[in-house]
Amino acid sequence: MGRDAPRSRRSRRASTTKRKDHSTMSSTPAPWFTHDRFGMFVHWGLYALPARHEWVMNYEKMPTEEYEKYARYFEPDLYDPRAWARAAREAGMTYVVLTTKHHDGFCLWDSALTDYKATNTPAARDLVREFVDAVRAEGLHVGFYHSLLDWHHPDFTIDGRHPRRDDTEEEIAALNEGRDMARYREYLHGQVRELLTGYGRIDYLFYDFSYANDHHHPVWGGKGAEDWGSEELMALTRELQPDIVVNDRLEIPGDIVTPEQYQPDRPMEVDGEPVAWEACQTINGSWGYFRDNHQHKDPELMIRMLIDGVSKNGNMLLNVGPTARGELDPVATRTLSEFARWMHHHERSIRGAGASEFQAPSDARYTQRGDRLYLHLFAWPFEHVHLAGLGGKVAYAQLLNDASEIPFREISPDVKPLTTGIGGQAPGTLTLTLPVVRPDVAVPVVELFLR
């Protein structure tokens, strides 16, 4: 991924190329995307061998020839994308997105445009092909991630994101001499053509990333739409795969916006208009396999993040970083199992659901699907929860995990609290009476059938 790169310590003149205004989203994504809400991201490549973050080449400023050693030892003998896809489906995910090439430039497929690929390692085969077949076999949508950056390619110019960013001015000038971004653009577009013509229908493409105008992490020489040939690349993408969902990281409009590693505080908009969006989230802050990073989010927290996103009309793309041998690590496996357990009973509060016009009480989130309103209780109250604006609008209520009835009533504002009698509520408030014992699920949900 692209948003966690370090700032350069060197101050250099930023690109002053004028760029077009691309603030408006280009289209509406395929209906399945905003309906399904939940997908799996898979970051996997050579960086799984050092197991120190997918940006290890950048963070440790490795020369290309030093990083290339990992290709000689890339032997994922336990690679089983069928297990990945099965775990995704059981967790309630309906699409899986694989890093075909990350910023290090290494390709997981048999590209005709480079020798830096999985078929020239001990893996000795097209790993993307196996992934696509496995995901389709589970009935899931196929997604590709493709990096716009390439620190390995001899025509990709050194900039403030490059592993060689802190070389001397003279060294960088020497390295950039003869490099040609026009040739790199041709390579980039050629590889996208390979990916979008060689594997049948591709449902989703996550480009990563533009950084010419990154206000959060400004760098010298940042690259953007003109460097990638983004207009032409987007046109090529839609020509080859007309129904594909494309993100917004070409620095021109896409189908969705992609907040990364944070939760938006409201439904997202561009120029005041609502847009489809997808929060990209990790389990431990790293995308690639990071053996010694133990800052794992609790599964309950991540389930809440999914709910929170759907309550704001968003999706969640949850990342896993398989080991260098090709397996999901135990933490990822446990996390997906917890999602599976929760989604088994609560999927219909997520799938096909979105934001509601009603305002949820504190420590809760609403999602809505047609005439069914779902109250997700992040904190379990003692007996009563008061729902503003729902008086007279609910025909029936039940806990979603077991379909057990939840009684409800409207209490007149004139009623005084007395001993065991609860006091009146504001007009239009519906009061639910919950069991004292919290259901044994990560997040309890009350399903409300609206009149």
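Phe 382 is exposed, with a relative accessibility of 64%. In this predicted model, Phe 382 sits in the loop between β11 (372-377) and β12. Together with Val 436 and Val 437, Phe 382 makes a nonpolar patch on the surface. The area of this patch is about 360 Å².

Strand β12, which follows that loop, belongs to an open sheet of three strands. The order in this sheet is β12-β15-β14, and the pairing is antiparallel. Strands β12 (384-387) and β14 (408-409) form the edges. Each of these edge strands pairs on one side only. Strand β14 is joined to β15 (residues 430-433) by two bridges, and the two strands run antiparallel. Arg 409 has Thr 431 of β15 as its bridge partner. In general, the strands of a sheet pair through backbone hydrogen bonds, in either a parallel or an antiparallel manner.

Two loops that border β14 each hold a residue with a positive phi. Ala 403 lies in the loop between β13 (394-399) and β14. Its phi is about 60°, although Ala 403 is not a glycine. Ala 403 is partly exposed, because its relative accessible area is 44%. Thr 419 lies in the loop between β14 and β15. The phi of Thr 419 is near 40°, again a positive value in a residue other than glycine. Thr 419 counts as exposed, because its relative accessibility is 78% and the cut-off is over 50%.

A second open sheet has seven strands. Their order is β5-β4-β3-β2-β1-β9-β8, and the pairing is parallel. Strands β5 (245-246) and β8 (277-281) stand at the edges. Each has a single partner strand, so one side of each has no neighbour in the sheet. Two bridges link β5 to β4 (residues 204-208) in the parallel sense. Within this pair, Tyr 204 stands opposite Val 245. The peptide bond from Asp 208 to Phe 209 is cis, with omega near -5°. Phe 209 itself lies in the loop between β4 and α9 (225-228).

Helix α6 (residues 127-137) lies across two strands of the seven-stranded sheet, β2 (95-101) and β3 (141-147). The helix runs at about 150° to β3. The loop between β2 and α6 contains Asp 126. Asp 126 is buried, because its relative accessible area is 18% and the cut-off is under 20%. Beyond residues up to four places away in sequence, Asp 126 touches Leu 108, Trp 109, Asp 110, Thr 119 and Tyr 199. His 35 is 91 residues from Asp 126 along the chain. The C-alpha atoms of these two residues are separated by 32 Å.

A second aspartate, Asp 308, is also buried, with a relative accessibility of 6%. Asp 308 is part of helix α11 (residues 299-310). Leaving aside neighbours within four places in sequence, Asp 308 is in contact with Gln 263, Pro 264 and Arg 365.

The structure holds 26 salt bridges. In general, side chains of opposite charge can pair when their charged atoms come close. One of the salt bridges joins Arg 125 to Glu 130, with the closest N and O atoms 2.5 Å apart. Arg 125 is partly exposed, at 28% relative accessible area. Glu 130 is likewise partly exposed, at 27%. Another salt bridge joins Arg 291 to Asp 292, with an N to O distance of 3.1 Å. Asp 292 is partly exposed, with a relative accessible area of 48%.

Arg 183 forms a salt bridge with Asp 180. Here the closest N and O atoms are 3.7 Å apart. Arg 183 is partly exposed, at 41% relative accessibility. Asp 180 is partly exposed as well, with a relative accessible area of 27%. Salt bridges with shared partners join Arg 183, Asp 180 and Asp 155 into one network.

Key
Residues are numbered from 1 along each chain as its sequence is written. This is a predicted model: local features need pLDDT of at least 70, side-chain atom pairs count only at pLDDT 80 or more; totals for chains, interfaces and linings use all residues. Side-chain values use heavy atoms; hydrogens and water are left out. Two strands pair if DSSP finds at least two bridges between them. Helices (H or I, at least four residues) and strands (E, at least two) are DSSP runs, numbered from the N terminus. Patches are made of residues with over 30% relative accessible area and no salt bridge: like charges are joined within 9 Å, nonpolar side chains (Val, Leu, Ile, Met, Phe, Trp, Tyr) within 5 Å. Accessible areas come from the Shrake-Rupley method with a 1.4 Å probe; for residues, only the protein chains shown count as cover. A salt bridge is a side-chain nitrogen of Lys or Arg within 4 Å of a carboxyl oxygen of Asp or Glu. Buried means under 20% relative accessible area, exposed over 50%, partly exposed in between (1.4 Å probe, protein chains only). Contact means heavy atoms within 4.5 Å. Axes are lines fitted to C-alpha atoms, for helices over the stretch in contact, and angles run from 0 to 180 degrees between N-to-C directions.
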